[in-house]
Amino acid sequence: MAERPEDLNLPNAVVGRIIKDAIPEGVNVSKEARLAISKAASVFVLYATSCSNNYALKAKRKTISAQDVLSAMEEMDFEQFVEPLTDALEAFRSQQQGKKERKKEKESSATSESDRPEEASEEKVPSDEDEVTYQGEEKEDYIITVNEDVGDDDEEAEEMEAETNE
């Protein structure tokens, strides 16, 4: 749970972006109005969550489902939101299904590549001029230059390979 009431507010940058997208170009919104809209949006989200949670509890579940949210919208007299939310939910589900299918295709193509003879699956050994880019955990790009100065020492070669795999 939140320690302070301010912890329940939506991020100001997100609310500002939504406001900017919703109003015509050239219209300015004061700082106080942005704050009021932010607080109103936070209250709405908390109220919708509470009503949705009540539906989940009635069904003896701890997880709020999409249907709980849709039912809560009707209970809160926001029936006009049910159809757009249903459309958005269907679009989201089809997008997720597409991602799953692409992932399965990648996995099946990777599996079929590993079924090939060893000669076909050998990796190219980079030269000292080649650069290999890896994406780090923080979504930052790291550039690693692979050098040929490994020598004949197998232990040193394994260390360098382990560093490049990280």
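This briefing walks through the overall build of the chain, its aromatic contacts and one buried acidic residue. The model is predicted. Its protein chain has six helices and two strands, and 13% of its 166 residues count as buried. Three aromatic pairs are present, and Phe44, Phe78 and Phe81 together make one aromatic cluster.

**Overall build**

- Reading from the N terminus, the elements follow the order α-α-α-α-α-β-β-α.
- The accessible surface of the protein chain is about 14200 Å², and carbon and sulfur atoms account for 50% of that surface.
- Take the contacts in the protein chain between residues at least 6 apart in sequence: 22% of these join residues at least 24 apart.

**The aromatic cluster**

- Let's start with one of the three aromatic pairs: the ring centres of Phe44 and Phe81 are 6.4 Å apart and their planes meet at 80°. This pair is edge-to-face because planes over 60 degrees apart count that way.
- The pair of Phe44 and Phe81 links distant parts of the chain, with their positions 37 residues apart in the numbering. Phe44 belongs to helix α2 (residues 31–58), while Phe81 is in the loop between α3 (66–75) and α4 (82–114).
- Phe81 also pairs with Phe78, and here the rings are stacked, with 5.3 Å from centre to centre and 5° between the planes.
- How accessible are the members of this cluster? Phe44 has a relative accessibility of 29%, Phe81 has 34% and Phe78 has 25%. Each value lies between 20% and 50%, so Phe44, Phe81 and Phe78 count as partly exposed.

**A charge over a ring**

- For a meeting of charge and ring, look at Lys58 and Tyr55: the charged end of Lys58 sits over the ring of Tyr55, at 5.0 Å from the ring centre.

**Asp68 and its neighbours**

- Asp68 is part of helix α3.
- Is Asp68 buried or exposed? Its relative accessibility is 5%, and since buried means under 20%, Asp68 counts as buried.
- The side chain of Asp68 reaches the backbone nitrogen of Ser65, at a distance of 2.8 Å.
- Leaving aside residues up to four places away in sequence, Asp68 touches Ser52, Tyr55, Ala56, Arg61 and Thr63. Tyr55 will be familiar from the previous topic, as its ring lies under the charged end of Lys58.

Definitions and conventions: Residues numbered from 1 in each chain as written. Predicted model: local features only at pLDDT ≥ 70, side-chain atom pairs only at ≥ 80, totals over all residues. Heavy atoms only, no water. Phe/Tyr/Trp six-rings, centres within 6.5 Å; stacked < 30°, edge-to-face > 60°. Helix = DSSP H or I, 4+ residues; strand = E, 2+ residues; numbered from the N terminus. Buried < 20%, exposed > 50% of the residue type's maximum accessible area, 1.4 Å probe, protein only. Lys NZ or Arg CZ within 6 Å of the ring centre and 35° of its normal. Polar contact = N/O pair within 3.5 Å; in protein donor to acceptor, adjacent residues only side chain to side chain. Contact = heavy atoms within 4.5 Å. Areas by Shrake-Rupley, 256 points an atom, 1.4 Å probe, with all protein chains shown as cover.
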